[in-house]
Amino acid sequence: MIPQRTATSSTLTLHVNDTAHTVTVDHRATLLDVLREQLDLTGSKKGCDHGQCGACTVLLEGRRANSCLLLAVAHDGAHLTTVEGLGDEERPHPLQQAFHERDAFQCGYCTPGQIVSGVGMLCEAAEGHPSHATRREELQRATGAPAELDRDEIRERMSGNLCRCGAYPHIVEAIEDVREYAGGGTDHASRRTEGVTA
């Protein structure tokens, strides 16, 4: 199909949760708007609409991104994972299961973004990416080995996701419960439900 373009819209293809979707989007539409309004994937929430709360977090090419800040037209051919692509009711993702077991939510509005961000964060840590809380001695080693995820590391790495209900202690506990699954990087083409990779 030849992409159609007008002065105000373009046709593009987004690979969302391993499914290709061809959509015509207004040039002003964000990825969040397209996910919610055109693809009916309403797990990603519109919280602040300024990239400050994390409720709209998705994995874009395996990395965490605030979908409310990204223009859809700039992401033709991109691969995205939303909370709907991590697991389902019969086979929840390990982090989804941990959130349930730890009661890591109250109103639940921020939960999809928290879970997607947690999955991305665990993959980043598994790849050895440091954070502002990473201890100096670990930085000096710079081995590329998985980062050690203590509570301070988890809090720092999840600081872009806000919870108005204040469920933070349970969120940290849920992530602690699944940190041993971290590893292997992200693979957007073939989702792995056994671990924390998307």
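User: Hi! How far apart are the closest N and O atoms in the salt bridge that Arg179 forms with Glu176?
Analyst: This is a predicted model, where local features need pLDDT of at least 70, side-chain atom pairs count only at pLDDT 80 or more, and totals for chains, interfaces and linings use all residues. Residues are numbered from 1 along each chain as its sequence is written, and side-chain values use heavy atoms, with hydrogens and water left out. A salt bridge here is a side-chain nitrogen of Lys or Arg within 4 Å of a carboxyl oxygen of Asp or Glu. For Arg179 and Glu176, the closest N and O atoms are apart by 3.9 Å.

User: Is Glu176 buried or exposed?
Analyst: Buried means under 20% relative accessible area, exposed over 50%, and partly exposed in between (1.4 Å probe, protein chains only). Its partner Arg179, at 35%, counts as partly exposed. Glu176 has a relative accessible area of 16%, so it is buried.

User: Which parts of the chain does the salt bridge of Arg64 and Glu124 link?
Analyst: The side chains of Arg64 and Glu124 meet at 2.8 Å, N to O. Helices (H or I, at least four residues) and strands (E, at least two) are DSSP runs, numbered from the N terminus. The two residues are 60 apart, and the pair links strand E4 and helix H3.

User: Of Arg64 and Glu124, which one counts as buried?
Analyst: Arg64 has a relative accessible area of 26%, which means it is partly exposed. The partner is at 14% relative accessibility, so the residue that counts as buried is Glu124.

User: And what is the relative accessible area of Arg28?
Analyst: Arg28 meets Asp26 in a salt bridge of 2.9 Å, N to O. Asp26 is partly exposed, at 27%. Arg28 is exposed, with a relative accessible area of 67%.

User: How many salt bridges does a search of the whole structure find?
Analyst: Some of them share partners: Asp33, Lys46 and Asp49 are joined into one network in this way. For the whole structure, the number found is 11.

User: How does the protein chain run through its helices and strands when read along the sequence?
Analyst: The chain has six helices and five strands. Read along the sequence, these follow the pattern β-β-α-β-β-β-α-α-α-α-α.

User: Which strands stand at the edges of the sheet?
Analyst: Two strands pair if DSSP finds at least two bridges between them. The sheet is open, with mixed pairing and the order E2-E1-E5-E3-E4. The edge strands each have a single partner strand, so one side of each is left without a neighbour in the sheet; they are E2 (19-26) and E4 (63-66).

User: In E2, what is the bridge partner of Val16?
Analyst: E1 and E2 run antiparallel and are joined by eight bridges. They form a hairpin with two residues between them, and Asn17 in the turn has a positive phi of about 55°. In E2, Val16 has as its bridge partner Thr19.

User: Which residue in E4 stands opposite Val58?
Analyst: Strand E3 (residues 57-60) runs antiparallel to E4, and four bridges join them. Opposite Val58, in E4, stands Ala65.

User: At about what angle does helix H1 run to E2?
Analyst: Axes are lines fitted to C-alpha atoms, for helices over the stretch in contact (heavy atoms within 4.5 Å), and angles run from 0 to 180 degrees between N-to-C directions. Helix H1 (residues 31-38) lies across E1, E2, E3 and E5, and its angle to E2 is about 110°. By comparison, helix H3 (residues 111-126) touches E3, E4 and E5, and its direction makes about 40° with that of E3. For H1 and E2, then, the angle is about 110°.

User: Which element supplies the largest share of the largest nonpolar core?
Analyst: A nonpolar core is a set of buried Ala, Val, Leu, Ile, Met, Phe, Trp, Tyr and Cys residues joined through side-chain atoms within 4.5 Å. The largest has 25 residues, and those touching the most other members are Leu95, Phe99, Met121, Ile154, Ile171 and Ile175. H2 (94-102), H3 and H6 (168-178) each supply at least two residues of this core. The largest share, six residues, comes from H3.

User: What percentage of the residues in the protein chain is buried?
Analyst: The protein chain has 198 residues. Buried residues make up 47%.
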